[in-house]
Amino acid sequence: MTPTHFAFSTAFILSLMGLAFHRTHLLSALLCLEGMMLSLFIALSLWTLQLETIGYSATPLLLLAFSACEASAGLALLVATARTHGTDHLQNLNLLQC
């Protein structure tokens, strides 16, 4: 495993662990998701550069577009949650109370 592959896989795993273990605020969960998407984007970009094929060149851009949509939806949910509940703590969000 090359050092660049190790760095991006470590960044992905650390973001995944942050998402799994530090779920106190919605903003921290969104930041962990963005870290995962960023590491996937850079890894896919390097993969397409190493393969030197034109067929896979749109894959990182497609992932980046989905990541931007995910970020905008997450921020919209964060603002809506902060307005209705007054906080972004994930323990206060309960579907049974709606």
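A residue is called buried when its relative accessible area is under 20%, exposed when that area is over 50%, and partly exposed in between, with a 1.4 Å probe and protein chains only. The model toured here is predicted: local features need pLDDT of at least 70, side-chain atom pairs count only at pLDDT 80 or more, and totals for chains, interfaces and linings use all residues. Residues are numbered from 1 along each chain as its sequence is written, and side-chain values use heavy atoms, with hydrogens and water left out.

**Whole chain.** Select the protein and display it as a cartoon. Three helices and zero strands appear, in the order α-α-α from the N terminus; helices (H or I, at least four residues) and strands (E, at least two) are DSSP runs. The radius of gyration, taken over C-alpha atoms, is 17 Å, well over the 13 Å of the globule rule for 98 residues, so the protein is more spread out than a compact globule. That rule is 2.2 Å times the number of residues to the power 0.38. Switch to the C-alpha trace, which spans about 50 × 25 × 20 Å along its principal axes.

**Surface and contacts.** Turn on the surface: the accessible area is about 7,100 Å², 74% of which belongs to carbon and sulfur atoms, by the Shrake-Rupley method with a 1.4 Å probe. Buried residues make up 17% of the 98 residues. Of the contacts (heavy atoms within 4.5 Å) with a separation of 6 or more, 56% link residues 24 or more positions apart.

**Alanine 58.** Next, select alanine 58, in the loop between helix H2 (26–51) and helix H3 (59–85). Alanine 58 is partly exposed, at a relative accessible area of 48%. Finally, add serine 45, 13 residues away along the chain; the two C-alpha atoms are separated by 9.5 Å.
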